[in-house]
Amino acid sequence: NWTQAGPILREFTFEEESVQSHDRSLADMMRLSSQLFDERSGPSPARPFSQMSIIISDGRFNKNKVRPWVRAALARQQLPLLIIVDAEFEGAQASAAGATAKRSVFELRAVTYESGRCQVVPYLQDFPFPYYVVVQDLQSL
């Protein structure tokens, strides 16, 4: 019953941070998830992608640190599925509600360097998760 899940999902504020949370938290979680799956059924499950981890995040993490763990999980037939809970309040809506404005993951940009040239690209352009969904309205679940 999704009416019961709504209040629980609203508790995910993603406000808890440490000095290294951006760099390490999701990569560490992916590593631990892979270890747990391996302990349960060995490095290769009997059926392809019969192991799935559902990850709830705001989508903001060090993509370079997470990318190898996503590749390793897929190589082991483990399916990491990322659910991005996107910014609920933005711009004028946030000010009117007295909340802190948070940019949508669709508005974020990343800096890349190719051949010594700096380029600004959409954050999701080289996203490491091949399977993800962005939820902007929790009521739509």
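Reader: In this predicted model, which residues are exposed on the other side of α3, away from the buried ones?
Author: Exposed here means over 50% relative accessible area. In α3, K63, V66, R67, V70 and A73 are buried. On the other side of the helix, the exposed residues are N64, R71 and A75.

Reader: Why do the buried residues of α3 count as lying on the same side?
Author: The buried set in α3 is K63, V66, R67, V70 and A73. They are on the same side of α3 because the arc they cover around the axis is only 135°.

Reader: Is R71 buried or exposed?
Author: R71 belongs to helix α3. The cut-off for exposed is over 50% relative accessible area. R71 has 58% relative accessibility, so R71 is exposed.

Reader: What does a side-chain oxygen of N62 reach at the start of α3?
Author: Helix α3 covers residues 63-75. At its start, a side-chain oxygen of N62 comes to within 3.0 Å of a backbone atom, the nitrogen of N64.

Reader: Which helix gives the most to the lining of the largest cavity?
Author: The largest cavity holds about 40 Å³ of space. Its lining consists of M30, S33, S34, F37, S53, A73 and Q78. Four residues of that lining come from one helix, residues 21-41, and this is α2.

Reader: How many residues of the lining of the largest cavity are charged?
Author: A73, buried in α3, is one of the residues of this lining. The lining divides into three nonpolar and four polar residues, and the number charged is none.

Methods
Residues numbered from 1 in each chain as written. Predicted model: local features only at pLDDT ≥ 70, side-chain atom pairs only at ≥ 80, totals over all residues. Heavy atoms only, no water. Helix = DSSP H or I, 4+ residues; strand = E, 2+ residues; numbered from the N terminus. Expected span 1.5 Å × (residues − 1). Buried < 20%, exposed > 50% of the residue type's maximum accessible area, 1.4 Å probe, protein only. Arc of directions from axis to C-beta. Polar contact = N/O pair within 3.5 Å; in protein donor to acceptor, adjacent residues only side chain to side chain. 1 Å grid on protein atoms, 1.4 Å probe; cavity = no way out; pocket = protein on both sides within 12 Å on 5 of 7 lines; lining within 4 Å. Points joined across faces, edges and corners; volume = space filled by probe spheres on them. Nonpolar A, V, L, I, M, F, W, Y, C, P; charged D, E, K, R; others polar.
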